[in-house]
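Me: I'm new to this structure and would like a close look at one part of it. Could you start from a single residue and work outward, in plain words?

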Amino acid sequence: MKKGINYYQIGENIEQYLLIKSAKKGIASNGKPFLTLQMSDQTGEIEAKLWGVSPEDQEVFVSSVIVHVHGEVQEFRGARQLKIKAIRPTTGMDHVKTSDFLPSAPLDPQEMIEKVTQYIFEMKNPKIQRITRHLFKKHQKAFAEAPAATKNHHEYVSGLAYHVVTMLDLANSIAQLYPTLDKDLLYAGVILHDLGKVRELSGPLDSQYTLEGKLIGHISIIVNEIDETAKELEIDGDEITVLQHLVLSHHGKGEWGSPKPPLIREAEILHMIDNFDAKMFMMDRALDRVMPGEFSERVYAMDNRSFYKPKFHKVPFDM
């Protein structure tokens, strides 16, 4: 099996096909134009610099284009960066397609949809169940493909679904240990907390914030939809306000993006397992290509820490 981009070490040469996820134009200190390319295959991503580009290059090497690249993996400010020595766009003779180069969740999207549906089916509170089922069915298609973010965690095809399914299993395990928790409320909070991201983000390929995402955000989007759904289904009661609170507070603090701090047990647990799953993803990704006995690159979203892989841990894939 050909080694994926995520497993190349500093100093190694690379010659293979990669997808340009995004391309940004810049001007170097010598006044010459260059491109910053975010390139990917199914194992991960790497930033690359293409120096001294022509106007034609800037039109050819753009987002969503598959290219054949020859270069060297170097270190820049503590992270890997690909120095491009040769690059060309692919043609029909190369027999490659975009889906071959997009990182995606390790579970089948339909399998994850069925699992979320089963959790909704098990809810006992009819008001919570009806609101959650209505919103999930409304956004099910986009939910199955959407990333959970543009960076930091689960930023790949079906990343949102995988994030939610993992959190649901965590919530289920925690609820077994602490029977005072309302499982219906906790499950609904998990399913709804990031559902607004199907409107906040543009999609799995070169995911960007939409205008609605920039001006309103996923928290406000789904809080409004909960209210609209309750009116449409003619549901009233404390459940509506409490569901909205779970969404509003799931980031935990105002400086982290939450309009309200968690003031209900289930809201506090929702925040914790959301944070837990995101951080596990970031640590796993950082350590995935690290040899035992070495430290990872710094993880900016985790206080810029570098994580150590103990010598007795297993060696990453195809190192």
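Me: Please take H193 as the starting point: which helix does H193 lie in, and what is H193 in contact with?

Reply: Happy to walk through it with you. H193 lies in helix α6, which covers residues 183-193. Keep in mind that this is a predicted model, so each value below is computed from predicted coordinates.

H193 has a relative accessible area of 0%, so it is buried, the cut-off for that word being under 20%. Two polar partners sit beside its side chain. One is the backbone oxygen of V190, 2.6 Å from a polar atom of the H193 side chain. The other is the side chain of D194, with which the side chain of H193 makes a polar contact at 3.2 Å.

Now look beyond the neighbours within four places in sequence. There, H193 is in contact with H163, V164, M167, H218, V247, H250, L270 and D274. Several of these names come back as we move on to the helices.

Take α5 (159-177) as the next stop. Its buried residues are G159, L160, A161, H163, V164, V165, M167, L168, A171, I174 and A175. H163, V164 and M167 are in that list, and H193 is in contact with each of these three. The cover over the buried residues of α5 includes α2, α4, α6, α7 (197-200) and α11. As for its length, α5 has 19 residues, which at 1.5 Å a residue should span 27 Å; the end C-alpha atoms are 28 Å apart, and that agrees.

H218, another contact of H193, leads to α9 (218-232). The buried residues of α9 are H218, I219, I221, I222, V223, E225, I226, T229 and A230. They are covered by elements that include α3, α6, α7, α8 (211-215) and α10. For this helix, 15 residues at 1.5 Å each should span 21 Å, and the end C-alpha atoms are 21 Å apart, which agrees. Just after α9 comes E234, with a positive phi of about 55°.

A short way along the chain from H193 is G196, in the loop between α6 and α7. At 1% relative accessibility, G196 counts as buried. Leaving aside neighbours within four places in sequence, G196 is in contact with H218, I221 and I222, and these three are among the buried residues of α9. G196 and F143 are 53 residues apart along the chain, with 9.5 Å between their C-alpha atoms.

F143 brings us to the wider setting. In soluble globular proteins, nonpolar side chains tend to be buried together. Here the largest nonpolar core holds 50 residues, and V116 and F143 touch the most other members. The elements giving two or more residues to this core are α2 (109-121), α3 (126-138), α4 (140-145), α5, α6, α9, α10 (238-249) and α11 (265-288). The helix that gives the most is α5, with 8 residues. V116 itself touches F136, F143, V164, V165, L168 and I191, not counting residues up to four places away in sequence. V164 is thus a partner of V116 and also of H193. Apart from this core lies another, of 20 residues, among them L35, I46, V67 and V69.

For a contrast with buried H193, turn to E12, in the segment before β1 (13-27). At 27% relative accessibility, E12 counts as partly exposed. A polar atom of its side chain lies 2.6 Å from the backbone nitrogen of Q9. Leaving out residues up to four places away in sequence, E12 touches K3, Y7, G71, E72 and V73. E12 and E72 are 60 residues apart along the chain, while their C-alpha atoms are separated by 5.8 Å.

Finally, step back to the whole chain. There are 11 helices and 7 strands. The radius of gyration is 22 Å, close to the 20 Å that the globule rule gives for 319 residues, so the chain is as compact as a globular protein of that length. Along its principal axes, the C-alpha trace spans about 65 × 45 × 40 Å. Of the 319 residues, 47% count as buried, and H193 is one of the buried residues. Among contacts between residues at least 6 apart in sequence, 57% join residues at least 24 apart. The accessible surface comes to about 16600 Å², and 53% of it belongs to carbon and sulfur atoms.

Notes: Residues are numbered from 1 along each chain as its sequence is written. This is a predicted model: local features need pLDDT of at least 70, side-chain atom pairs count only at pLDDT 80 or more; totals for chains, interfaces and linings use all residues. Side-chain values use heavy atoms; hydrogens and water are left out. Helices (H or I, at least four residues) and strands (E, at least two) are DSSP runs, numbered from the N terminus. Buried means under 20% relative accessible area, exposed over 50%, partly exposed in between (1.4 Å probe, protein chains only). A polar contact is a pair of N or O atoms within 3.5 Å; within protein, one must be able to donate a hydrogen and the other to accept it, and residues adjacent in sequence count only if both atoms are side-chain atoms. Contact means heavy atoms within 4.5 Å. A nonpolar core is a set of buried Ala, Val, Leu, Ile, Met, Phe, Trp, Tyr and Cys residues joined through side-chain atoms within 4.5 Å. The radius of gyration is taken over C-alpha atoms; the globule rule is 2.2 Å times the number of residues to the power 0.38. Accessible areas come from the Shrake-Rupley method with a 1.4 Å probe; for residues, only the protein chains shown count as cover. The expected span of a helix is 1.5 Å times one less than its number of residues.
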